[in-house]
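Student: Could you walk me through this fold before I head back to the bench? I'd like to take it piece by piece.

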Amino acid sequence: MAIYMNEPSRTFGEYLLIPGYSSTDCVPTNVSLKTPLVKFKKGTEPAISLNIPLTSAIMQSVSDDGMAVALAGEGGLSFIFGSQSIESQATMVERVKSYRAGFVESDSNISPDATLQDILDLKEKTGHSTVAVTSDGSQNGELVGIVTSRDYRVSRMEKTEKVSEFMTPIADMIIGNENTSLKEANDIIWENKLNSLPIVDKNKRLLSMVFRKDYNSHKSNENELIDPQTKRYLVGAGINTRDYEERIPALLEAGADVLCIDSSEGFTEWQRIVIQYVRKTYGDTVKIGAGNVVDAEGFRFLAEAGADFIKVGIGGGAICITREQKGIGRGQATSLIDVAKARDEYFEETGEYIPICSDGGIVHDYHITLSLAMGADFLMMGRYFARFDESPTKKVNVNGNYMKEYWGEGSARARNWQRYDMGGDKKLSFVEGVDSYVPYAGSLKDNVGLSLSKVKSTMCNCGVLTIPELQKNAKITLISSTSIVEGSAHDVLLKDTQL
C-alpha cells in the first residue's frame, strides 16, 4: 500500500510571522544577514559564507557572468548555468574571476595619431571625458598618454590637431601596476588629487582604470562577496550528472569557487556518483551542492553522500510545470519545514551542519523572511533575478509595458535534458518548464537593497538580529483564506497613483 502523508502540502502564502519582543538594539542597521553556504563541523567556521542569503538560479535566462558580478557585488552568489558547452561556461567563470571591483576596463581609447575631432566623436559616443591613449588605440595597448577635458579647448584649437600634441604623456602621469590593490589605488587618487588612475602591466600595457567617482560606489558595496586571498569575486557553477568528469576540471581551472548539481530531482544514485567522484578526485577541497529534495529521506541521502549544501524544492518555480506534467512535488513551505528538521537532527547526531537552500515558491519579498525562519540558510531564485538589467535576456515591450524574457530549463527553448536526466536518451521527452515574460524591474542593486531592507525590518519585528536567531526564535502561524484577503488592501477604492 502506498504511503500517505495526511498533512497538507503548504506554501509560503499560507503562513505569517508573529511579532516578538524587540529591544532597543533591534534596528535594521544592526541586523546581520551573513549565512553559511557550505557545511562545517560544530565549533568551526564554514569555508564559504554568503553576506546576504541570496543566490541566483542555475538558468540560461538568469545566471551568466554579468549577473554573477552584480550579485557578488551585493554579497550574494550566482551559479552560472551549465546548459551550455563546457568551454562557454568556463569562459563565463573566468570573466567573473578576472573582474576586480573598482577596476574598470577602458572603453574610451584612442591612438596618438588621432585628432581632436576623433576625441570629440569618441566623447559623443561613450559620454566619457577621460580617454586613454595607447600606441595602437586598443583597449589593452601600450599606454602612452591620457586625454581629459583639461587637455584641450575646442574654441582655441584646430580639430585636425593630433592627439600626441595635446595629450598628457605617460612620463608626466601617475600610474599603478598590476599588483596595486583597490585601496592603494584610491589612496593614490586622493593623495594626488587625480580623477583617475591607469593600471598597467610590466610592459606598460593598459589593464584597467580606477576612477575617483567610483570610490563612493565601492564604499556602499561593503558586502561584496570576495575571496580574502585573491580579492576576486566568488562565483558558482552548475554541473550535470552526464559530462561531470570533463566539466568539473574545466570549471575549477577557470576558478569556480563552488559547484552545484543542477537537477529537478536529487534523490538519485546519479547524484551520489557525482559527489563520490568529487570526493575521490579532490577530497574536501572542492565544494559541491546537490538536490533538489522535498523530504527528510531525500536530505539524509544527499547528506550521507557528502553534499556540501542541499537544495529544497520541486515544482514551485514560477516557470516550472513539473507538478502539472508529472504530479511530482510538494508545497515549498512544507518541504522546507520537513528538511530543516532533518538537517537539525543530522547536526545533533553528527556535529556536521549542512546548509539548506530554499529553491522556488517565492512570490513576495516577505516569503524570503519566512523561508529563512522556516530553516533555510539561503535561497536560490530565478524569476526574482530575471527581472533585472543584469540578467542575460532581452528587454522587450509587450502591450506598452517593458518586460524581460524568462524561460525554464525544462522548456523546449532551453532544451536542458541533462537537468531532467533519468539515465535515458539524450533528449527531452516532454517539457517541464514554460517560456514567458516577467515585468522589468530595473537594476539589481536597487531591488535587492529594497528586498533586504524588508527582511531586516521584519527580523527586528521578530526581535532577532541574525538568521540563526530567526530560525530559533521565530513564531509562525498558519492563516486562513479569509486572513489572506484581510491582509491586503480591502473595502477601499484605491487611487490611480500611490504616494
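Here is a run of questions and answers about helix packing, buried residues and backbone geometry.

Student: What kind of model is this, and how are residues numbered?

Tutor: This is a predicted model, where local features need pLDDT of at least 70, side-chain atom pairs count only at pLDDT 80 or more, and totals for chains, interfaces and linings use all residues. Side-chain values use heavy atoms, with hydrogens and water left out, and residues are numbered from 1 along each chain as its sequence is written.

Student: At what angle do α12 and α14 pack?

Tutor: Helices here are DSSP runs (H or I, at least four residues), strands likewise (E, at least two), numbered from the N terminus. Axes are lines fitted to C-alpha atoms, for helices over the stretch in contact, and angles run from 0 to 180 degrees between N-to-C directions. For α12 (residues 366-373) and α14 (residues 444-461), the axes are 8 Å apart and the angle is about 50 degrees.

Student: Which word describes how α12 and α14 lie to each other?

Tutor: Angles under 35 degrees count as roughly parallel, over 145 as roughly antiparallel, 65 to 115 as roughly perpendicular and the rest as oblique. With an angle of about 50 degrees, α12 and α14 are therefore oblique.

Student: Which residues make the contact between α12 and α14, and how do they divide into nonpolar, polar and charged?

Tutor: Contact means heavy atoms within 4.5 Å. From α12 come Ile368, Thr369 and Leu372, and from α14 come Ser451, Val455, Thr458 and Met459. Ala, Val, Leu, Ile, Met, Phe, Trp, Tyr, Cys and Pro count as nonpolar, Asp, Glu, Lys and Arg as charged, and the others, Gly among them, as polar. The split for this contact is four nonpolar, three polar and no charged.

Student: Is Ser371 buried or exposed?

Tutor: Ser371 lies in helix α12, and it touches Phe12, Leu336, Ser358, Ala376 and Leu379, leaving aside neighbours within four places in sequence. The cut-offs are under 20% relative accessible area for buried, over 50% for exposed, and partly exposed in between (1.4 Å probe, protein chains only). Ser371 has 0% relative accessibility, so it counts as buried.

Student: What about His367, buried or exposed?

Tutor: His367 is also a residue of α12. Not counting residues up to four places away in sequence, His367 touches Phe12, Gly13, Gly361 and Ile362. Its relative accessible area is 3%, so His367 is buried.

Student: How do α9 and α11 cross, and what is the charge make-up of their contact?

Tutor: The axes of α9 (residues 296-305) and α11 (residues 332-350) come within 8 Å and cross at roughly 45 degrees. That makes α9 oblique to α11. On the α9 side are Ala296, Phe299, Arg300, Ala303 and Glu304, and they meet Asp338, Val339, Ala342, Arg343, Tyr346 and Glu349 in α11. Those contact residues divide into six nonpolar, no polar and five charged.

Student: Which residues have the most contacts inside the largest nonpolar core?

Tutor: A nonpolar core is a set of buried Ala, Val, Leu, Ile, Met, Phe, Trp, Tyr and Cys residues joined through side-chain atoms within 4.5 Å. The largest one has 101 residues. The residues with the most contacts inside that core are Leu259, Phe299, Phe385 and Val448.

Student: How many residues of α1 are buried, and what covers them?

Tutor: Helix α1 (residues 65-74) is mostly covered, with nine of its ten residues buried. Met67 and Leu71 are among the buried ones, and Phe385 touches both Met67 and Leu71. The cover includes β5 (54-56), β6 (77-80), α2 (86-98), α13 (383-386) and α14.

Student: Where is the cis peptide bond?

Tutor: Most peptide bonds are trans. Here, omega is about 10 degrees at a cis bond, and one partner, Asn292, is found in strand β16 (residues 288-293). The bond joins Gly291 and Asn292.

Student: What is the phi of Asn399, and where is this residue?

Tutor: Asn399 sits in the loop between β21 (395-398) and β22 (401-407). Its relative accessible area is 76%, so Asn399 is exposed. Phi is positive in this residue other than glycine, near 55 degrees.
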